[in-house]
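User: I am a first-year student, and I would like a close look at a single part of this model, with the rest brought in where it helps.

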Amino acid sequence: MLGQKRGQGKRWDELKIGESVHEKKVLAVRDIVLYLGLTDDTNPVFVEANYVHQTPYEQLLVPSGLLSGWVESLISTKLPGAGSLICAQSLTFPKQVTHGERVECSLEVIHKDEIQQRISVAVHIQNEQSEDVTVGEIQVIPPITKSILQQTYDNF
């Protein structure tokens, strides 16, 4: 995938308010260990069963950053897609997620800023009991392409 040419996501003018994407995922130990290794996070509530049993959580938890990363991945691959950038985000995590739990992420375009050519995306991640585990809003710059005329001038 690295170095391969990819299609572009939806541009600002192609996006519609109400457009959405939904994806389910089981938060597997493999994903959590890879995330923790990459971030060098050693919080015992994520990896040490003996420790977490002494806390009110009782089960190993999923880092909130992993959930945020999943949302960012969905924005850059599905809505709006390749070429988009996050410029601001506000997420809350009202309920903890445990290892092996199945969750569903929903992203929905809720606002289009015509002046800045940005969109606002509502974020909801829920567990199987339909409880919110992540809620918030992300500001996104959809993919921007050069015009044919601009590309021509780049050669001079």
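What is the relative accessible area of Gln117, and where does that place Gln117 on the scale from buried to exposed?

Analyst: This is a predicted model, in which local features need a pLDDT of at least 70 and side-chain atom pairs count only at pLDDT 80 or more, while totals for chains, interfaces and linings use all residues. Residues are numbered from 1 along each chain as its sequence is written, and side-chain values use heavy atoms, with hydrogens and water left out.

Gln117 has a relative accessible area of 36%, so Gln117 is partly exposed; on this scale buried means under 20%, exposed means over 50%, and partly exposed lies in between, with a 1.4 Å probe and only protein chains considered. Gln117 sits in the loop between S3 and S4, and its phi is positive, at about 55 degrees, although Gln117 is not a glycine. Another residue with a positive phi that is not a glycine is Glu58, at about 65 degrees, and Glu58 belongs to the loop between helix H3 (49-52) and H4.

To place this loop in the whole, it helps to know that the protein has five helices and five strands, where helices (H or I, at least four residues) and strands (E, at least two) are DSSP runs numbered from the N terminus. Along the sequence they follow the pattern β-α-α-α-α-β-β-β-β-α. Of the 156 residues in the protein, 33% are buried.

The two strands that flank the loop of Gln117 also take part in the interior. The largest nonpolar core, meaning a set of buried Ala, Val, Leu, Ile, Met, Phe, Trp, Tyr and Cys residues joined through side-chain atoms within 4.5 Å, has 32 residues, of which Val71, Leu107 and Ile125 touch the most other members. Among the elements that give two or more residues to this core are strand S3 (102-113), strand S4 (118-127) and helix H4 (64-77), and H4 supplies the largest share, six residues. In soluble globular proteins, nonpolar side chains tend to be buried together.

Ile125 shows what such a core member meets. Leaving aside neighbours within four places in sequence, Ile125 is in contact with residues including Leu67, Trp70, Val71, Val103 and Val133, where contact means heavy atoms within 4.5 Å. Across the protein, 68% of the contacts with a separation of 6 or more are between residues 24 or more positions apart.

Trp70, one of the contacts of Ile125, is also among the residues that line the largest pocket, together with others such as Leu34, Leu66 and Ser73. A pocket is found on a 1 Å grid over the protein atoms alone, as an open set of points where a 1.4 Å probe fits, with protein on both sides within 12 Å along at least five of seven lines, and lining residues have an atom within 4 Å of a point. H1 and H4 are the elements that give two or more residues to this lining, and H1 gives the most, with five residues.

Helix H4 also holds Thr77, which is partly exposed, with a relative accessible area of 39%. Thr77 and Gly9 are 68 residues apart in sequence, yet 7.5 Å apart in space, C-alpha to C-alpha. In the loop between H4 and strand S2 (85-92) lies Pro80, and the peptide bond from Leu79 to Pro80 is cis, with omega near 5 degrees.
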